[in-house]
Amino acid sequence: FSPVQNACGGALKTVQKSAKLANVLYDIRGPIMDAAKQMEEEGQKIIKLNLGNLAVFGFDAPEEIQQDMIRNLPASAGYSDSKGIFGARKAVMHETQKQGIKGVTLDDIYLGNGASELIAMATNALLDDGDELLLPAPYSALI
């Protein structure tokens, strides 16, 4: 690395990415995204299917979950229970009951900020160095 002086006179060190990411490719942030941006600038409408935000496609969370999230805001200050907002977990449990899935309790349900976070949490908790995992596509390459 080559040290660089920061504003306080100290040396800054260049931080290298982890070797775990050596073979991770996520082309949507490279040439494909550049081409999409150019097409948008030319007036073409681009639907970005790499987004995890379904709201941009008109899919909303059920009203019960939205209301529980709104009610939770004053007490959460940006954070919720580590398993997720109670009302949202309750709605997931009700959905499993509607689908006839037996034995699912609130304590079995963990919610996160998208699939990447939950997959990373689960793999960090369950896999050891050298273990392998197959993930169905599409998924985030940044796990």
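Which residues of helix H2 are buried? In this predicted model, the buried residues of H2 are Ile-65, Asp-68 and Ser-76, and the element against which they pack is helix H3, spanning residues 86-98. Helix H2 itself runs over residues 63-76 and comprises 14 residues; the distance from its first C-alpha to its last is 19 Å, close to the 20 Å expected at 1.5 Å a residue. Just after H2, a positive phi of about 45 degrees is found at Ala-77.

The setting of this helix is a chain with four helices and two strands, arranged along the sequence in the pattern β-β-α-α-α-α. Of the 143 residues in the chain, 13% are buried. Among the contacts in the chain with a separation of 6 or more, 25% are accounted for by residues that stand 24 or more positions apart. The area exposed by the chain is about 11800 Å², of which 58% is supplied by carbon and sulfur atoms.

Four salt bridges are present in the structure, and one of them joins Lys-90 to Glu-64, with the closest N and O atoms 3.8 Å apart. This pair links distant parts of the chain, since Lys-90 belongs to helix H3 and Glu-64 to helix H2, at a separation of 26 residues. Lys-90 has a relative accessible area of 25% and is therefore classed as partly exposed, and Glu-64, at 34% relative accessibility, likewise counts as partly exposed. Helices H2 and H3 are thus connected in two descriptions of the model, through the packing of the buried residues of H2 against H3 and through the salt bridge between Lys-90 and Glu-64.

A further salt bridge is formed within helix H2, where the closest N and O atoms of Arg-71 and Asp-68 are 2.4 Å apart. The two residues are three positions apart in H2, which corresponds to about one turn of the helix. An α-helix has 3.6 residues a turn, so residues three or four places apart point the same way. The partners nevertheless fall into separate accessibility classes: Asp-68 is buried because its relative accessible area of 11% lies under the 20% cut-off, whereas Arg-71, at 56%, is counted as exposed because this value is over 50%. Asp-68 accordingly appears both among the buried residues of H2 and as the acidic partner of Arg-71.

Helix H3 contains a salt bridge with a corresponding spacing, formed by Lys-98 and Glu-95, whose closest N and O atoms lie 3.4 Å apart. Both residues belong to H3 and are separated by three residues, about one turn of the helix. Lys-98 is exposed, with a relative accessible area of 67%, while Glu-95, for which the value is 34%, is partly exposed.

Turning to the nonpolar surface, a patch of about 640 Å² is made by Ile-47, Leu-49, Leu-54, Val-56, Phe-57 and Phe-59. One of these residues, Phe-57, is located in the loop between helix H1, which covers residues 31-41, and helix H2. With a relative accessibility of 31%, Phe-57 counts as partly exposed, and it qualifies for the patch because membership requires over 30% relative accessible area.

Note on methods. Residues numbered from 1 in each chain as written. Predicted model: local features only at pLDDT ≥ 70, side-chain atom pairs only at ≥ 80, totals over all residues. Heavy atoms only, no water. Expected span 1.5 Å × (residues − 1). Buried < 20%, exposed > 50% of the residue type's maximum accessible area, 1.4 Å probe, protein only. Contact = heavy atoms within 4.5 Å. Salt bridge = Lys/Arg side-chain N within 4 Å of Asp/Glu carboxyl O. Patch = residues over 30% accessible without salt bridge, like charges linked within 9 Å, V, L, I, M, F, W, Y side chains within 5 Å. Areas by Shrake-Rupley, 256 points an atom, 1.4 Å probe, with all protein chains shown as cover.
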